[in-house]
Amino acid sequence: MTGDSGTVTQAQIKHNRKRFHQSMLILVIVSAIVFVLSIAIGRAGIINPVKLLQAIYRETEDYKQMFRILENIRIPRAVASFMVGACLSVAGLVYQTTFNNKLVSPDILGVSSGCCVGAGIAILMGMSAGMIRIMAFVFGFIAVSIAIFLPKLFRNHSPLTLVLSGIIVGSFMDSILATIKYIADHREKLADIVFWIMGSMAGIQMDEVLVSTLINIIPFIVLLFMGWKINVVSLGLEEAQSLGVNYKRDRLIIIACSTLLTANCVSISGNVGWIGLVIPHIARAFVGDDTRMATPVAAVAGGLFLMSVDVLSRIISVNEIPISIITGFIGAIIYTIVLAKRGRYLND
């Protein structure tokens, strides 16, 4: 029996690895195609690749105009969309695995609500776009810090207590945000606050994308290399310690890295829902529960999804539609399909 079980296990692992390589290849190819579409399609019209190459060769006035559009608007948007989608998906996957709950999302510790409060305060005070993102990032970390501190105050360090602390902090931040919207000028400031909260990639500059990417690289790599430990931490304190894992330290590192990814992404894109909740389920459907393989798949799938949504937000209406509206519609449909096909999986 043991031999048969071992054979089945090895066969399943080999099958998952094969599916991992196939999934990554397909996702990378499709992502490259969507990236080209993302920088070719926009409010200023469609940039024909052939004409672009001709313009570059001849260095005409058309070349200068197209280059400005690509450099200042479309390439930063495409890169930012992929990065935000990838990082939110990874954060969602890691949170769901760490807390052993397939229904949690990256804002479970109140980080998104905190970011929205910071951005609301900055917009209310008339700060620049750069300061809005900095304030959002700072308040996102303040919210998480409070959520992590509360279990110590309660003298209860269970995962459930941490989740409940996040709900408390998120509700408190939502109340502050409601107050900010109530006192904001209804003709100008309120509209800006609401639009930021609903999420958008408009106005993102390449230098901001580079800074955000540099901030995200370290926690992303840490989570990638901690895949096995994330799997073990999800088993609980006793099981983790029996396997030689420092449960409290590693769980804190995992939560801190996931929170950093979430806060940094929300600070530049606004509150983008559903990605961190839905995409991890799709990644697991491709390669199984092993975080080591699910993390790269979730990253590429999440980046592809948000790039596609950003393109849709520009072309389906005369005025640009906030990202969270589209992710809400598509995410609800996808999640319904996931529940219909894999409902029992959520109870595992």
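Where does Asn100 lie? Asn100 sits in the loop between helix H3 (61–98) and H4. The model described here is predicted. In this model, phi of Asn100 is near 55°. That is a positive value in a residue other than glycine. Asn100 is partly exposed, with a relative accessible area of 46%.

A second residue was examined in the same way. Trp274 is found in the loop between H11 and helix H12 (275–287). Phi of Trp274 is near 75°. Trp274, too, is a residue other than glycine with a positive phi value. Its relative accessible area is 33%, so Trp274 counts as partly exposed.

The overall fold is considered next. The chain has 14 helices and zero strands. Read from the N terminus on, the elements run α-α-α-α-α-α-α-α-α-α-α-α-α-α. The chain holds 348 residues, and buried residues make up 47% of them. Contacts in the chain were also sorted by separation in sequence. Among those between residues at least 6 apart, 76% join residues at least 24 apart.

Helix H4 (residues 111–124) packs with two partners in this account, beginning with helix H6 (residues 159–183). The axes of H4 and H6 come within 8 Å and cross at roughly 20°. An angle under 35 degrees counts as roughly parallel, so H4 is roughly parallel to H6. The crossing of H4 and H6 is left-handed. On the H4 side, the contact involves Ser113, Gly114, Cys116, Val117, Gly120, Ile121 and Leu124. On the H6 side, these residues meet Gly170, Met173, Asp174, Ile176, Leu177, Ile180 and Ile183. By class, the contact of H4 with H6 has nine nonpolar, four polar and one charged residues.

The second partner of H4 is H11. Here the axes come within 9 Å and cross at roughly 35°. The crossing of H4 and H11 is right-handed. H4 contributes Val111, Ser112 and Cys115 to the contact. H11 contributes Thr259, Thr262, Ala263 and Val266. By class, four residues in the contact of H4 with H11 are nonpolar, three are polar and none are charged.

H11 also carries a residue of separate interest. Ser267 lies in helix H11 (residues 247–269). Its relative accessible area is 2%, so Ser267 is buried. The side chain of Ser267 reaches the backbone oxygen of Asn264 at 2.6 Å. Contacts to other parts of the chain were then listed. Leaving aside neighbours within four places in sequence, Ser267 is in contact with Arg133, Ala136, Phe137 and Trp196.

Another buried position is in helix H13 (residues 291–315), where Gly303 is found. Gly303 has 0% relative accessibility and therefore counts as buried. Gly303 and Cys87 are 216 residues apart in sequence. In space, the two are 8.0 Å apart, C-alpha to C-alpha. When neighbours within four places in sequence are left aside, Gly303 is in contact with Ser81, Phe82, Gly85 and Ala86.

Definitions and conventions: Residues numbered from 1 in each chain as written. Predicted model: local features only at pLDDT ≥ 70, side-chain atom pairs only at ≥ 80, totals over all residues. Heavy atoms only, no water. Axes fitted to C-alpha atoms, helices over the stretch in contact; angles between N-to-C directions. Helix = DSSP H or I, 4+ residues; strand = E, 2+ residues; numbered from the N terminus. Parallel < 35°, antiparallel > 145°, perpendicular 65-115°, else oblique. Left-handed = near helix turned anticlockwise from the far one by under 90°. Contact = heavy atoms within 4.5 Å. Nonpolar A, V, L, I, M, F, W, Y, C, P; charged D, E, K, R; others polar. Buried < 20%, exposed > 50% of the residue type's maximum accessible area, 1.4 Å probe, protein only. Polar contact = N/O pair within 3.5 Å; in protein donor to acceptor, adjacent residues only side chain to side chain.
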